[in-house]
Amino acid sequence: MQTDGIESTANLLKAMSHPVRLLIMHRLTQGACRVEELQRLLVLDQATISTHLARLRFERIIVGNKNGKTVHYELTDTNTKYLVEIIAETFFEKSFQMNQTEVAETKLDGPKVSKSAVK
């Protein structure tokens, strides 16, 4: 049995399992954006956003494209985009009802990503 696809899918779902990362990915379904935009949208500090972006980069779910001093983040895969869109359409309105206050109160969890692992 070949497990490469299953393992990568499991890793994707693990990375998506944090509310902040899921919301970041949901925003990226609409196109590339900068950290500052994510900060305003999620009402979180730059360090928190960067930690979650690092995890998503480590899992190769997003990529950062540098343009001068600005980095624009975007999803790397259209299948991931479709999955996030389906999750949002199915559950965000009905179940999560996550407002910016709830997101801001969410504590970081999951594995920490070291700077060396992100490179």
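**Note on helix H2 and the nonpolar core**

1. In this predicted model, helices H1 and H2 pack with their axes 7 Å apart and at an angle of about 105°. Two packed helices are described by the angle between their axes and the distance between the axes. Angles of 65 to 115 degrees count as roughly perpendicular, and H1 and H2 are therefore roughly perpendicular to each other.

2. The contact between these two helices brings Leu-12, Lys-14, Ala-15 and Met-16 of H1 against Arg-21, Leu-22 and Met-25 of H2. By residue class, the contact of H1 with H2 is made up of 5 nonpolar and 2 charged residues, with no polar ones.

3. Helix H2 covers residues 19-28, and because 8 of its 10 residues are buried, it is largely enclosed by the rest of the structure. The buried residues of H2 are Val-20, Arg-21, Leu-22, Leu-23, Ile-24, Met-25, Arg-27 and Leu-28, a list in which Arg-21 and Met-25 also belong to the contact with H1.

4. In soluble globular proteins, nonpolar side chains tend to be buried together. Here the largest nonpolar core has 25 residues, of which Ile-24, Met-25, Leu-53, Ile-61 and Ile-62 touch the most other members. Two or more residues come from each of helix H1 (4-16), H2, helix H3 (35-42), helix H4 (46-58), strand E2 (70-75) and helix H5 (78-96), and H2 gives the most, with 6 residues.

5. Ile-62 deserves a separate look: when its neighbours within four places in sequence are left aside, Ile-62 is in contact with Leu-28, Leu-53, Leu-56, Arg-57, Tyr-73, Glu-74, Leu-75 and Thr-76.

Notes
Residues are numbered from 1 along each chain as its sequence is written. This is a predicted model: local features need pLDDT of at least 70, side-chain atom pairs count only at pLDDT 80 or more; totals for chains, interfaces and linings use all residues. Side-chain values use heavy atoms; hydrogens and water are left out. Buried means under 20% relative accessible area, exposed over 50%, partly exposed in between (1.4 Å probe, protein chains only). Helices (H or I, at least four residues) and strands (E, at least two) are DSSP runs, numbered from the N terminus. A nonpolar core is a set of buried Ala, Val, Leu, Ile, Met, Phe, Trp, Tyr and Cys residues joined through side-chain atoms within 4.5 Å. Contact means heavy atoms within 4.5 Å. Axes are lines fitted to C-alpha atoms, for helices over the stretch in contact, and angles run from 0 to 180 degrees between N-to-C directions. Angles under 35 degrees count as roughly parallel, over 145 as roughly antiparallel, 65 to 115 as roughly perpendicular and the rest as oblique. Ala, Val, Leu, Ile, Met, Phe, Trp, Tyr, Cys and Pro count as nonpolar, Asp, Glu, Lys and Arg as charged, and the others, Gly among them, as polar.
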